Each structure stands twice: as structure tokens, then as C-alpha cells.
Amino acid sequence: MKKLLTISLLALSAGVASLPAHANDKAVIDAMEGYFEFVDYGGATIFPEQIPKDDWKKFFVIDARDKGQFDKGHIPGAVNIEWRQVLAKRNEIPKDKPVLIYCNQGTLSAQAGLALRLAGYENVRILQGGMSEWKAKGGFDAAAKASGAPKH
């Protein structure tokens, strides 16, 4: 988990490195500081095996990949909002139900999730490992496979 956080922070810093500096923007700094003080270790991430099959319908699922990747395959029921567009399209994202965001591996969705959290969305979780881990762990059946529950 510690390695994942390090990788996520490196990816975030790589994406942020290309943005204009806001060193004197107290509101931005205060928002980041508040977020980092609030969030617990791994608190914004969730593993596919932590979501029982019947619970998937409770989430507003965002595929943060580009349209081409989304069109090639996505988690059924997911809405395609490219990671760079989550703030521009935040009015399409509910605040009153859990939001699950994913990309291929989890890096871009982590950036989008952080942006949403800083914009006031406390209901956002990032799917750990993204689409590739979701598939590898059994998709909607990941929780049942992880628990060794009998298949019906």
C-alpha cells in the first residue's frame, strides 16, 4: 500500500509539474493542506474485491480513460468522463451517492479523484489498479472470488 501511495504521488506530481505554479494562491494551498490532513492512508482507494457484486449498482462509476479506450471496453454501467474533464463536467457527477473512478492502472484516475475531492466531493473512491486489475481479479465477481465464496 505504501508503494502504491508513493507511485500515486509521483504520478500526481508529474501531472502537476506541467501546470502553472500557484505558490501564492492561499486558497489552493489551504485546500490541499486540508485534504492531506483529512484523508487517511489509502482512504480514497478501493480494491475490486472490496465491492460485492450487488453493490456495484450503488456507485456512479466513471471511466476516466479517453473515448477510444472506453469504446474498446469498460466496466458495464460506467460513464466516460476523461480524467482531464472531471472538473469541467463536475455538475454531471453526483455528490449524494458513492463515486468510483478508474482508468487503466489507477494513475490518471487518482489525479482526477484528487481534483474532485479538492472540489468538495467527499464521496469519491479510486479503483485500485484500474480496469486491468478489475479484469484480472474477476470483474464484478472479484469479491466472491477473493472470499472463496461458492459460485452460484
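Start with the whole chain in cartoon view: this predicted model holds 6 helices and 5 strands. Trace the cartoon along the sequence and you will pass through the pattern α-α-β-β-α-β-β-α-β-α-α. Of the 152 residues, 33% count as buried. If you switch on the surface, about 9100 Å² is exposed, with carbon and sulfur atoms supplying 57% of that area. For a contact map, take the pairs with a separation of 6 or more: 70% of those contacts join residues 24 or more positions apart.

**Stop 1: the sheet**

Now select the strands. In what order do the 5 strands lie in the open sheet? The order is β1-β5-β4-β2-β3, with parallel pairing. Colour residues 45-46 and 79-80 to mark the edges: these are β1 and β3, each of which pairs on one side only.

Next, pick out residues 60-63 and 99-102. These are β2 and β4, joined in the parallel sense over 4 bridges. Within that pairing, Val61 has Leu100 as its bridge partner, while Asp63 is matched with Tyr102. On to β5: β4 pairs with β5 in the parallel sense too, over 3 bridges. Here Ile101 stands opposite Ile126.

**Stop 2: both faces of β4**

Show the side chains of β4. In a regular strand, side chains alternate between the two faces of the sheet. Which residues of β4 are buried on each side? Val99 and Ile101 are buried on one side, and Leu100 and Tyr102 are buried on the other, so that both faces of this strand are covered, buried here being under 20% relative accessible area.

Zoom in on Val99, which sits in strand β4. Val99 counts as buried because its relative accessibility, 0%, falls under the 20% cut-off. Beyond its neighbours within four places in sequence, Val99 is in contact with Phe59, Phe60, Ile62, Ile93, Pro94, Asn123, Val124 and Arg125. Try a distance label between the C-alpha atoms of Val99 and Arg125: they are 26 residues apart along the chain, and the label should read 6.1 Å.

**Stop 3: helix α4 and the cores**

Select residues 107-118. This is α4, a helix lying across β4 and β5 (124-127) and running at about 175° to β5.

Keep α4 in view and add the largest nonpolar core, which has 14 residues. Which of its members touch the most other members? They are Ile62, Val86, Ile93, Val99, Ile101, Leu116 and Val124. The elements giving two or more residues to this core are β2, β4, α4 and β5. Apart from this core lies another, of 13 residues, including Ile51, Ile75, Leu127 and Met131.

Centre on Leu116 for a look at one of the well-joined members. Leaving out neighbours within four places in sequence, Leu116 is in contact with Val86, Leu87, Arg90, Ile93, Tyr121 and Val124.

**Stop 4: Asp63**

Finish at Asp63, which has its place in strand β2. Is Asp63 buried or exposed? Asp63 is buried, since its relative accessible area is 0% and the limit for burial is under 20%. Draw the distance from its side chain to that of Arg65 and you will find a polar contact at 2.7 Å. Then select what surrounds Asp63: setting aside neighbours within four places in sequence, Asp63 is in contact with Phe70, Gly73, His74, Ala78, Val79, Asn80, Ile81, Glu82 and Tyr102. Tyr102, as seen at the sheet, is also the bridge partner of Asp63 in β4.

Technical notes
Residues numbered from 1 in each chain as written. Predicted model: local features only at pLDDT ≥ 70, side-chain atom pairs only at ≥ 80, totals over all residues. Heavy atoms only, no water. Pairing = 2+ DSSP bridges. Contact = heavy atoms within 4.5 Å. Axes fitted to C-alpha atoms, helices over the stretch in contact; angles between N-to-C directions. Buried < 20%, exposed > 50% of the residue type's maximum accessible area, 1.4 Å probe, protein only. Polar contact = N/O pair within 3.5 Å; in protein donor to acceptor, adjacent residues only side chain to side chain. Areas by Shrake-Rupley, 256 points an atom, 1.4 Å probe, with all protein chains shown as cover. Core = buried A, V, L, I, M, F, W, Y, C linked by side-chain atoms within 4.5 Å.
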